[in-house]
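Colleague: Please bring up the model, and then I will ask about its surface and its core.

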Amino acid sequence: MCSHNPSGWMVRSIFRLVLVTLGTGMELACRLSETFRRQVTRDLMVQIGSADGVFHHYVFAPRAVTSRIGPAIAPTLSLCFDNARQGCITLASPHAVGRIVRALLEGTAEYQGNAVLLLWFYGLTRFVLPLGRTGRLRIVPPDAYVAPNLGSKVAGRIVREPPA
């Protein structure tokens, strides 16, 4: 992808800093948060970058994350923004998923790989940048949502998995 509107060196430096901070934060979250570690269950690599030369990739292994500067050789998912300014604004937005989808539709961003992983990665970034994070429910759901009714006609169709 060739940038149609390249950013200046200052914006590229800020985008590099955002990506490094995000990586360092995810590495720390992986060490400190059991919830974070439970979401990292397989080997994959996510690369985020811009067409004006800023790239960073995140290597996920079961229960571990490492962050590396530069482009990846064979990422599982690669997201490339038209320029560093767009990348900064998008990643820092509480509506990042909507902005990414809009950029993909407008052609100002490109991805390669499994787009579902983008949503998964976004969820992990909210551990570090808690903007637009969904809070807990204020009202407890009714009993039918909390525990299944074993006496109902469809009780046999409810899938139950053992606790992990």
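Colleague: Is Trp9 buried or exposed?
Modeller: This is a predicted model, where local features need pLDDT of at least 70, side-chain atom pairs count only at pLDDT 80 or more, and totals for chains, interfaces and linings use all residues. Residues are numbered from 1 along each chain as its sequence is written, and side-chain values use heavy atoms, without hydrogens and water. Buried means under 20% relative accessible area, exposed over 50%, and partly exposed in between (1.4 Å probe, protein chains only). Because its relative accessible area is 60%, Trp9 is exposed.

Colleague: Which element holds Trp9?
Modeller: Helices are DSSP runs of H or I with at least four residues, strands are runs of E with at least two, and both are numbered from the N terminus. Trp9 lies in helix H1.

Colleague: Which element gives the most to the largest nonpolar core?
Modeller: Such a core joins buried Ala, Val, Leu, Ile, Met, Phe, Trp, Tyr and Cys residues through side-chain atoms within 4.5 Å. The largest one has 28 residues, and Phe15 and Met26 are among those that touch the most other members. Elements giving two or more residues include strand S1 (44-50) and helix H5 (116-128). With six residues, the most is given by H1.

Colleague: Is Pro130 buried or exposed?
Modeller: Pro130 sits in the loop between H5 and helix H6 (143-146). Since its relative accessibility is 51%, Pro130 counts as exposed.

Colleague: What distance separates the C-alpha atoms of Pro130 and Pro94?
Modeller: Along the chain, Pro130 and Pro94 are 36 residues apart. Their C-alpha atoms are separated by 8.3 Å.
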